[in-house]
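Thank you all for coming; I would like to take a few minutes to go through one model with you, starting with a loop and moving on to strands and peptide bonds. Please have the chain open in your viewers as we go.

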Amino acid sequence: MKFGNFELQGRTFYGIVEGDQVVELDGSIFDSYKTTSKKHELSSLKTLLPCRPANFYCAGINYVAHIEWGNKRKGTNTKPPTKADIGYRSPSALCATGETIVIPADAPGPIQYEGELVAVVGKKAKNLTEENALSCILGYTLGNDVSDRGWQASDRTLWRAKNCDNWKPMGPFIATGLDPLALTIKVNLDGKEVSSYTTDKMIFTAQHYIAKITQYTTLWPGDVLWLGVDNATIPDLQDGMVCDVIQDDIGVLRNPVARAKA
């Protein structure tokens, strides 16, 4: 099943995406809902963020090829992590498919995409094990962890290197019933494929992260966990580009890029 969050004539609602049609739901996919008799053409609706999380978790370095690429680019010798590194991003940086990734006028760059699989929490969870960790997950969506490598290197924290407004596109839909270790994530820039990787190469699985998080803090419905990126994240994002993050079961997360004027 594939859920979306939509707007039509100022009214918002969740729906089930069935090809080019959307079946409107009464209620919330994070609480309770029922299907209605209302159907809409997907093209007639504005697709919103699939959820607005209270807590926005992210995997640290979670793919070996990405580490190796970073070492080559920076002349470093970073080793794969020996334990899961859990970070945070700002929910205020989120934007929906179709919205513009805005590069601040003074951003030094390079500005790079990071197309990621995102786990969406469906119910309250605490003290889960790796064996039952996925029991709290509603489904999966896509994210683009836009990053300014200049600020990332110079700032003590990632407050602007990762968290500028509209630097965390997420969507378009939440797909259920997927195996998080059996998916292919692709990125296109201006219609040309620039990255493709499979999620079975994660250093630490979604189950591992969820078990670790819930050992110390409660997960709530609508929380999200971004699961990292593999391979190089080039070429850099430039004014006028369109960036697509693609997974066949979830859809296409598409965002134009624009640099703000000074």
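Before the loop itself, a word on naming: helices, of type H or I and at least four residues long, and strands, of type E and at least two, are DSSP runs that are numbered from the N terminus. With that in hand, and keeping in mind that this is a predicted model, we can place Asn231 in the loop between strand E17, residues 224-226, and E18. The phi of Asn231 is near 65°, which is a positive value in a residue other than glycine. Most residues other than glycine have a negative phi, and most peptide bonds are trans. Is Asn231 buried or exposed? Neither label applies, because its relative accessible area is 25%, and Asn231 therefore counts as partly exposed, given that buried requires under 20% and exposed over 50%.

A positive phi near 65° also turns up at Asn166, and this residue sits in the loop between helix H2, 149-154, and E14.

Staying with the backbone, let me turn to the peptide bonds. Gly109 and Pro110 are joined by a cis peptide bond whose omega is about 0°, and Pro110 belongs to the loop between E9 and strand E10, 111-112. There is also a cis bond from Gly171 to Pro172, with omega near 0°, but Pro172 lies within a strand, namely E14, residues 168-175.

Now to strand pairing. Which strand pairs with E19 in the antiparallel sense? That is E18, residues 242-247, and the pairing runs over six bridges, with Gln247 having Gly251 of E19 as its bridge partner. E18 and E19 form a hairpin, and three residues lie between them. Strand E19, residues 251-259, also pairs with strand E9, residues 101-103, in this case in the parallel sense and over three bridges; here Val102 has Ala258 of E19 as its bridge partner.

Finally, I would like to look at Val17, which is part of strand E2, residues 11-18. Val17 counts as buried because its relative accessibility is 9%. What does Val17 touch, once we leave aside its neighbours within four places in sequence? The residues in contact with Val17 are then Lys2, Gly4, Phe6, Val22 and Phe173. As for Trp226, its C-alpha is 23 Å from that of Val17, and the two residues are 209 residues apart in sequence.

Terms used. Residues are numbered from 1 along each chain as its sequence is written. This is a predicted model: local features need pLDDT of at least 70, side-chain atom pairs count only at pLDDT 80 or more; totals for chains, interfaces and linings use all residues. Side-chain values use heavy atoms; hydrogens and water are left out. Two strands pair if DSSP finds at least two bridges between them. Buried means under 20% relative accessible area, exposed over 50%, partly exposed in between (1.4 Å probe, protein chains only). Contact means heavy atoms within 4.5 Å.
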